[in-house]
Amino acid sequence: MADCAWVRGARQPTPLTAQRVDHVPPEPRDRPRFRRIAAVAAGATRLRWRRALPAAVACGLLLSGCGKQSIVAPRSPETHQISVLWWWMLGIATVVFLGAVAMLIMAWFRREVPGLPILGEREDVAEGMVLLFGIGIPITVLVALFAVANVWLIGKTSPPAQASTAMTIDVIGHQWWWEVHYPGTSAVTANEIHVPVNTRVNVVATTADVIHSFWVPQLARKIDMIPGRENRVLLYASRPGTYRGQCAEFCGFQHANMALYVVAQPQDAFRAWLASASAPARAPASPQAQAGERQFMSDQCSSCHTIAGTSAQATVGPDLTHLASRSTLAAGTIPNTPAELAAWIANPQAIKPGDRMPDLGLTRGQIDQLVAYLETLR
Ligand code: HEC
Ligand SMILES: [Cu+2]
């Protein structure tokens, strides 16, 4: 240990007396200089604040979820109840916080005055205040909150009774994407769930690997996807629209890029979508796309992906039968455009590092053919 280079290189501690000499307090005539330095420092802080404030506000807005994934913009009766509870909690917490701050300020102004305002110096009254604010009120509030959240609201948002819903959708979590099946049909999709509006849908949530959590905050409460278990949650949208969801249980490196969209459509539009999603892929017409299909079937692509109606029947990655009809690629990571699709096939690891789809070392020509083919999969 004494031989270690790090220890040998270390400086000897300076004797205490020498340190004392370094820290002589400034002479009185130095004071204005210190004041100048302090003023400059304060000015710099003010400047930085002026510049940082818009950024801080923007971050706050982003984090507060004022987008398509907000718990305070509910679109189902269940999430409405959840957001009402949230507003109550925010209101009560605000009263408690402001009350505590007010008492602190009052205590500071009255720091020379003995006793409590109005109540005076009586020992038993002071003790009563401690019991009331320290035990009585907290217990009442916390018990009420527990009852509302964990007894009443849990019941209100519990999974739908078996066979009480109009339809069931199976959602399977994968590192890092969502597999979606419509039982009773051959429709299989990924990262985009279509549902009819104003319809109770039973989502059966399972996982192919680690624990994930299915969460579409505007439509339903969270439901964990646990290995070896089948969990269920009611999915209901009271308005047509596209609702963003996100995996809500840390599940590995690309957890943050595990998003999904729920598209709530009027009945007719949904039925049309389901019919087309259940159909096998049509054979491509153009020579470029046909070359892409051959490439897909002969190369590694078909060892991981399914395209219904072809020889590609593997299930390691998402089903690509109707890839071109989806709005995003790689679980909401990039928009589904030909350019982004080409970038993904060329180098998925650059877009989603650590992902289960490897870089395959394709040439520009091969990528263009594959894109031409995949774009026909409507
Ligand atoms: C080793 C297995 C594997 C191979 C080989 C593979 N993929 Fe993938 N692919 C995946 C996985 C896993 C994903 C899901 C990535 C994610 O979102 O995290 C994926 C995603 C995709 C997506 C996005 C799908 C969506 O719905 O967002 C496309 C497109 C795709 N792959 C095309 C291809 C093509 C084309 C090839 C052949 C050049 C190929 N893949 C080869 C495993 C593979
Ligand atoms: Cu996840």
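Begin at ligand 1: the shell around it holds, by class, 21 nonpolar, five polar and five charged residues. Here Ala, Val, Leu, Ile, Met, Phe, Trp, Tyr, Cys and Pro count as nonpolar, Asp, Glu, Lys and Arg as charged, and the others, Gly among them, as polar. The model is predicted: local features need pLDDT of at least 70 and side-chain atom pairs count only at pLDDT 80 or more, while totals for chains, interfaces and linings use all residues. Residues are numbered from 1 along each chain as its sequence is written, and chains are lettered from A and ligands numbered from 1 in the order in which they are written.

**The ligand shell**

Keep ligand 1 selected and add C301, C304, G317, R356 and M357, which come nearest of the 31 residues around the ligand; a residue is near a molecule if its C-beta atom, placed from the backbone, lies within 6 Å of it. Next, colour α8 (338–346) and α10 (364–374), the elements that give two or more residues to this shell. The largest share, three residues, comes from α8. Helices (H or I, at least four residues) and strands (E, at least two) are DSSP runs, numbered from the N terminus. Then select domain 3 (167–278) and domain 4 (287–374): both give residues to the shell, so ligand 1 lies between them. The domain bounds come from an automatic or database domain assignment.

**A helix pair**

Stay with α10 and select α7 (residues 287–298). The two axes come within 7 Å and cross at roughly 105°; axes are lines fitted to C-alpha atoms, for helices over the stretch in contact, and angles run from 0 to 180 degrees between N-to-C directions. α7 and α10 are therefore roughly perpendicular to each other, a term for angles of 65 to 115 degrees. Residues that make the contact include Q288 and F296 of α7 and Q366 and Y373 of α10, where contact requires C-beta atoms, placed from the backbone, within 7 Å.

**The sheet**

Now select the five strands of the open, mixed sheet, ordered β3-β2-β1-β5-β8. Two strands pair if DSSP finds at least two bridges between them. β3 (188–190) and β8 (231–235) stand at the edges, each with a single partner strand, so one side of each is left without a neighbour in the sheet. Within the sheet, β1 (residues 167–174) and β5 (residues 201–207) run parallel and are joined by seven bridges. The bridge partner of G173 is T207 in β5.

**Two backbone details**

Select Q175 and W176, whose connecting peptide bond is cis, with omega near 0°. W176 is found in the loop between β1 and β2 (177–181). Finish at I118, which has a positive phi of about 65° although it is not a glycine; I118 is placed in the loop between α4 (77–109) and α5 (123–156).

Notes. Angles under 35 degrees count as roughly parallel, over 145 as roughly antiparallel, 65 to 115 as roughly perpendicular and the rest as oblique. Two residues are in contact if their C-beta atoms, placed from the backbone, lie within 7 Å.
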